[in-house]
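Work through the exercises below with the sequence and the model side by side. Try each task before you read its solution.

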Amino acid sequence: MPAPAPKATACSACRDGAAALDFTFTMAFQPIVDLRHGGSVFAYEALVRGSDGSSAAGVLARVNDTNRYAFDQACRVRAVELAARLGVDCRLSINFLPNAVYQPEACIRATLEAARRTGFPVERIIFEVAEHENAQDREHLNRILRAYRRQGLRTAIDDFGAGYAGLGLLADFQPDMLKIDMALVRGICTDPVRQAIVRSIVSMGESLGIAVIAEGVETEDELRPLRAMGVHLFQGYLFARPAVEALPPVQWPAGAGFGAAPEASVAPVPPVASPPGAAAFSTVSLMPRRGTGMAFGLG
Ligand SMILES: [Ca+2]
């Protein structure tokens, strides 16, 4: 366990929640899209923002050893509350700080309670986390992820392939999702090394039954090779920038090769809504409901 704080401190922080923070923050939401079957929003990741919509950096600069636990808890609760309020009807992806979790089962209670209180289904919550360099942290992270899975939550390894978020963690715990780090995505169209690495990650995901998400996708030149490798879940400016306390509309890729005509949404859509067979990817006809967000991402 990484230098756990005294239990009383952690538990009192849990009870006090956001009250222990001397700053405010909110969440932006960025969609993760599924380009199969004409396209849909797979999830919204909740990203920390200042209350005035400023970047995450200013908020995270105020997180320290004293308030880290309360901040982590407050982020989760805020993400779930906003997701429910915005009508997120797909998954909600929340980042968490493993070093702000003392006892996994106890530290998840506020999140579960927020889900119950707001009516947001627990099984639609994804917790994403990146590995850190400390091997002891990895054991701790493993315990957290297993505990979350037991609670019915989904799990994702964030920033996979960058820094320490990688194979060691995956060998010990197979999450529901891997998020390929944007450093591997950037410039992939002309980089055979990145192509080989990502192709291997995709293949590994298929073998292990783990969904692979490419994050930080900004151009169609990046999207194209990823699609060709079999990736179908994407996040990045190409589709939507994060929106503060809102679910941004998705800019679906134009042109052929991204799927057939949009599938009808779950609720029947009047046939006059859009000409059948028109624009393979229509922003309007596939517009998701207003969205939610996650906790710590800077994206
Ligand atoms: Ca993330």
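**Exercise 1. The core**

How many residues does the largest nonpolar core have, and which of them have the most contacts inside it?

Solution. Start with the ground rules. This is a predicted model, where local features need pLDDT of at least 70, side-chain atom pairs count only at pLDDT 80 or more, and totals for chains, interfaces and linings use all residues. Residues are numbered from 1 along each chain as its sequence is written.

Next, the terms. A residue is buried if 20 or more other C-beta atoms lie within 10 Å of its own, exposed if 12 or fewer, and partly exposed in between, with C-beta atoms placed from the backbone. A nonpolar core is a set of buried Ala, Val, Leu, Ile, Met, Phe, Trp, Tyr and Cys residues joined through C-beta atoms within 7 Å.

Now the answer. The largest nonpolar core has 79 residues. Those with the most contacts inside it are Tyr44, Ala79, Ala83, Leu92, Leu178, Ile180 and Phe234. Helix 3, residues 68–86, gives the most to this core: 11 residues.

**Exercise 2. The whole protein**

Count the helices and strands, then find the share of buried residues.

Solution. Helices (H or I, at least four residues) and strands (E, at least two) are DSSP runs, numbered from the N terminus. The protein has 10 helices and 9 strands. Of its 299 residues, 43% are buried.

**Exercise 3. Strand 4 and its partners**

Is strand 4 enclosed or open, and which strands pair with strand 4?

Solution. Step one: check burial. Strand 4 covers residues 125–129, and 5 of the 5 are buried, so it is largely enclosed by the rest of the structure. Step two: check the directions. Ile125, Phe127 and Val129 point one way, while Ile126 and Glu128 point the other way.

Step three: find the partners. Two strands pair if DSSP finds at least two bridges between them. Strand 3 (residues 91–95) pairs with strand 4 in the parallel sense, over 4 bridges. Strand 5 (residues 154–160) also pairs with strand 4 in the parallel sense, over 4 bridges. Use Glu128 as a marker. Asn95 stands opposite Glu128, and in strand 5 the bridge partner of Glu128 is Ala156.

Step four: look at strand 3. Here 5 of its 5 residues are buried. Arg91, Ser93 and Asn95 point one way, and Leu92 and Ile94 the other.

**Exercise 4. Strand 2 and the hairpin**

Trace strand 2 and say how it pairs with strand 1 and with strand 3.

Solution. Strand 2 has 11 residues, and 9 of them are buried, so it is largely enclosed by the rest of the structure. Strand 1 and strand 2 run antiparallel over 10 bridges. One of the bridge pairs is Met27 with Val48. These two strands form a hairpin with 5 residues between them, and His37 in the turn has a positive phi of about 55°. On to strand 3: strand 2 is joined to strand 3 by 3 bridges, and the two run parallel. Ala43 has Arg91 as its bridge partner there.

**Exercise 5. Two loop residues**

Leu35 and Val122: which is buried and which is partly exposed?

Solution. Take Leu35 first. Leu35 lies in the loop between strand 1 (25–34) and strand 2 (40–50). Leu35 has 22 other C-beta atoms within 10 Å, so Leu35 is buried. Leu35 and Phe234 are 199 residues apart in sequence, yet 7.8 Å apart in space, C-alpha to C-alpha.

Now Val122. Val122 sits in the loop between helix 5 (109–118) and strand 4. Val122 has 16 C-beta neighbours inside 10 Å, so Val122 counts as partly exposed.

**Exercise 6. One face of a helix**

Which residues of helix 10 are buried, and why do they line one face?

Solution. In helix 10 (residues 220–228), Glu222, Leu223 and Leu226 are buried. Seen down the helix axis, the buried residues fall within an arc of 95°, so they line one face of the helix. The arc is that of the directions from the helix axis to the C-beta atoms. Helix 10 is followed by Gly230, whose phi is positive, near 105°.
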